[in-house]
Amino acid sequence: MRNKKVLFITQAAVIAAIYVVLTVFIAAFDLASGTIQVRISEALCILPYFTPAAVPGLWIGCLLANLVTGATIWDIVFGSLATLLGAVFTYLLRRHKFLCTLPPVIANAAIIPPVLIFAYHIPDVIWKGVNITWVFNIVTVGLGEVISVCILGSLLLAVLSKYRNVIFKEWA
């Protein structure tokens, strides 16, 4: 039993570290935060499909990545919460290979736009005299998540599925 706890902590720590490294890398291209973001580290949000250790790993990874990349306190708190919720619901949907990609998209599209608007004072988006700032941010954050989780994450899911019994045999 003790070895399983060590494995859990180790997997969570490795996932957190990879999340931070990928976020810092993509931040160099100014894609880790903001209205237009494709945080490639979010592809890791499919990992709860394989191991429950991914849930705390993703949450801690996002928390640390937001701290390291200079996010506001609101983004640190609510951005990490969005990733945690996405990870928890991905774990709950782990029996459904495609559906497990959706919780991170939904959580981030719902939680991050208000953070961008209020914490970062994103300028209003006016279209034909109508303020569409909320809708615009929901769409752009959602699309970034679709690219990161549904596309890149699905590719990662397909590759890791071949090695599931080797890498994640304790949880298979």
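# A walk through a predicted helical model

Of the 172 residues of the protein, 44% count as buried. The model is predicted. We start with the overall layout, then go to the cores, and end with single residues.

The secondary structure comes to six helices and two strands. Along the sequence, these elements follow the pattern α-α-α-α-β-β-α-α. The radius of gyration is 16 Å, and the globule rule gives 16 Å for 172 residues, so the protein is as compact as a globular protein of that length. Taken along the principal axes, the C-alpha atoms fill a box of roughly 60 × 30 × 25 Å.

How much of the contact network joins residues at least 24 apart in sequence? Take the contacts between residues at least 6 apart in sequence: 69% of them join residues at least 24 apart.

Now the surface. The accessible surface of the protein comes to about 9100 Å². Carbon and sulfur atoms account for 74% of that surface. The protein has 11 positive and 6 negative charges. The mean positions of these two sets of charges are 19 Å apart.

Next, the inside. The largest nonpolar core has 23 residues. Which of them touch the most other members? They are Y19, I46, L47, F50, L58, L157 and F168. Three helices each supply at least two residues of this core: α1 (2–27), α2 (54–68) and α5 (133–162). The largest share comes from α2, with five residues. Apart from this core lies another one, of six residues. Its members include I112, L116, I122 and V141.

F168 deserves a closer look. As a member of the largest nonpolar core, F168 is among the residues that touch the most other members. Leave aside its neighbours within four places in sequence. F168 is then in contact with Q11, L47, F50, T51, L160 and Y163. Two of these partners, L47 and F50, also appear in the group with the most touches inside the core.

L22 has its place in helix α1. Is L22 buried, partly exposed or exposed? L22 has a relative accessible area of 26%, so it falls between the 20% limit for buried and the 50% limit for exposed, and counts as partly exposed. Beyond its neighbours within four places in sequence, L22 is in contact with I40, S41 and L44. I76 is 54 residues away from L22 along the chain. The C-alpha atoms of L22 and I76 are separated by 17 Å.

Move to the loop between α3 (73–92) and α4 (102–119), where R94 lies. R94 is partly exposed, because its relative accessible area is 24% and buried would need a value under 20%. Which residues does R94 contact, leaving aside its neighbours within four places in sequence? The partners are P48 and Y49. R94 and I46 are 48 residues apart along the chain, and their C-alpha atoms are separated by 8.8 Å. I46 is one of the core residues that touch the most other members.

L99 is found in the loop between α3 and α4 too. L99 has 38% relative accessibility and counts as partly exposed. L99 and V55 are 44 residues apart along the chain. Their C-alpha atoms are separated by 17 Å.

Last come two residues with a backbone feature to look for. Most residues other than glycine have a negative phi. D30 has a positive phi of about 60°, although it is not a glycine. D30 is found in the loop between α1 and α2. Is D30 buried or exposed? Its relative accessible area is 60%, over the 50% limit, so D30 is exposed.

H121 also has a positive phi, near 55°, in a residue other than glycine. H121 lies in the loop between α4 and β1 (126–127). The relative accessibility of H121 is 62%, over the 50% limit, so H121 counts as exposed.

How values were computed. Residues are numbered from 1 along each chain as its sequence is written. This is a predicted model: local features need pLDDT of at least 70, side-chain atom pairs count only at pLDDT 80 or more; totals for chains, interfaces and linings use all residues. Side-chain values use heavy atoms; hydrogens and water are left out. A nonpolar core is a set of buried Ala, Val, Leu, Ile, Met, Phe, Trp, Tyr and Cys residues joined through side-chain atoms within 4.5 Å. Buried means under 20% relative accessible area, exposed over 50%, partly exposed in between (1.4 Å probe, protein chains only). Helices (H or I, at least four residues) and strands (E, at least two) are DSSP runs, numbered from the N terminus. Contact means heavy atoms within 4.5 Å. The radius of gyration is taken over C-alpha atoms; the globule rule is 2.2 Å times the number of residues to the power 0.38. Accessible areas come from the Shrake-Rupley method with a 1.4 Å probe; for residues, only the protein chains shown count as cover. Lys and Arg count as positive and Asp and Glu as negative; His and the chain ends are not counted. The place of a charge is taken as NZ of Lys, CZ of Arg, CG of Asp or CD of Glu.
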